Amino acid sequence: MPEKELHSLKRSELLKVLIEQEKELESAKAELDALQQKWQRREVQLEEAGNIAEAALQINGVFDKAQLAAQQYVTSVKKLSERQEHIFREQEKHVKDRCEVKQTETKKECTELLEETKRKCAQLEEETKKKCEEIEKTTQVKIENRWSKLSARLEAFYEEHKGLRKLIEVTSDIKSE
């Protein structure tokens with residue numbers, strides 16, 4: 001498989017390729033085992049036939065091909081593994097970088113929101129204080145007006161009932177003694 005195609009594969013697809021290559025390696029090993037058994041049988045046959053030198057040349061060719069195929073397979077698996085590891089490291093670095101950027105942005109947004117909230121709270125607190133002061137002033141004016149009216153009524157009542165005033169003064173004097 002060309003290198004460009006390997007770079008475009010996802011991690012799961014790369015793992016599938018590795019699994020397929022591992023199956024091929026197992027198949028090659030099984031074939032190698034079969035060839036070794038065949039070789040052993042041939043060795044027995046060659047001993048019986050007496051043509052050991054010729055048989056060795058033929059068997060060595062088969063083993064050389066099998067060994068070469070196994071080495072090529074192992075090399076390709078190592079290269080693929082290295083490529084996958086490199087791709088994984090790059091993706092991991094990219095994800096970490098993106099996470100750091102997002103974290104920085106989130107902290108900045110939180111700080112801005114906190115400052116805005118503090119500013120709004122201070123503004124609301126100031127507005128509430130002003131309203132309370134206005135209500136307090138209005139209430140104080142109302143109290144003073146009512147007290148003036150009540151005092152005026154009491155004075156008028158006392159004027160109309162002077163005898164009652166003297167009685168209240170005498171009562172107050174008696175209580176204070």
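Glu85, Arg89 and Glu92 are linked in a network of salt bridges. The structure in which this network occurs is a predicted model, and the account below proceeds from the network to the rest of the chain.

Arg89 takes part in both of the pairings described here. With Glu85 it forms a salt bridge in which the closest N and O atoms are 2.6 Å apart. With Glu92, the side chain of Arg89 meets in a salt bridge at 3.2 Å, N to O. Side chains of opposite charge can pair when their charged atoms come close. The positions along the helix explain how the partners are placed: Arg89 and Glu85 are four residues apart in helix α3, and they are therefore separated by about one helical turn. Arg89 and Glu92 also both lie in helix α3, three residues apart, again about one turn of the helix.

How accessible are the members of this network? Arg89 has a relative accessible area of 45% and is partly exposed. Glu85 also counts as partly exposed, at 37% relative accessibility. For Glu92 the relative accessible area is 29%, which likewise makes this residue partly exposed. The limits for that class are 20% and 50%, so the value of 29% for Glu92 falls in between.

Another salt bridge joins Glu105 and Lys102, whose side chains meet at 3.9 Å, N to O. These two residues are three apart in helix α3, so about one helical turn separates them. Their accessibility classes can be stated individually: Glu105 is partly exposed, with a relative accessible area of 38%, whereas Lys102 is exposed, with a relative accessible area of 53%. A search of the whole structure finds five salt bridges, among them the pairings of Arg89 with Glu85, of Arg89 with Glu92 and of Glu105 with Lys102.

Helix α3 comprises residues 52–160, and Arg153 has its place there. Together with Lys142, Arg146 and Lys149, Arg153 forms a positive surface patch. A residue enters such a patch only with over 30% relative accessible area and no salt bridge. Arg153 is exposed, at a relative accessible area of 65%, and therefore lies above that accessibility limit.

Is Gln84, which also lies in helix α3, buried or exposed? At 12% relative accessibility, Gln84 counts as buried, because the class requires a value under 20%. Which residues does Gln84 touch, not counting those up to four places away in sequence? They are Leu14, Leu15 and Leu18. Gln84 is thus described by two complementary results, a buried position and contacts with three leucines, Leu14, Leu15 and Leu18.

The overall architecture gives the setting for these details. The protein has four helices and zero strands, and its pattern along the sequence reads α-α-α-α. Of the 177 residues in the protein, buried residues make up 9%, and Gln84 is counted as buried. The accessible surface of the protein comes to about 15600 Å², and 55% of that surface belongs to carbon and sulfur atoms. Among contacts between residues at least 6 apart in sequence, 65% join residues at least 24 apart.

Note on methods
Residues numbered from 1 in each chain as written. Predicted model: local features only at pLDDT ≥ 70, side-chain atom pairs only at ≥ 80, totals over all residues. Heavy atoms only, no water. Buried < 20%, exposed > 50% of the residue type's maximum accessible area, 1.4 Å probe, protein only. Contact = heavy atoms within 4.5 Å. Areas by Shrake-Rupley, 256 points an atom, 1.4 Å probe, with all protein chains shown as cover. Patch = residues over 30% accessible without salt bridge, like charges linked within 9 Å, V, L, I, M, F, W, Y side chains within 5 Å. Salt bridge = Lys/Arg side-chain N within 4 Å of Asp/Glu carboxyl O. Lys, Arg positive; Asp, Glu negative; His and termini not counted. Charge placed at Lys NZ, Arg CZ, Asp CG, Glu CD.
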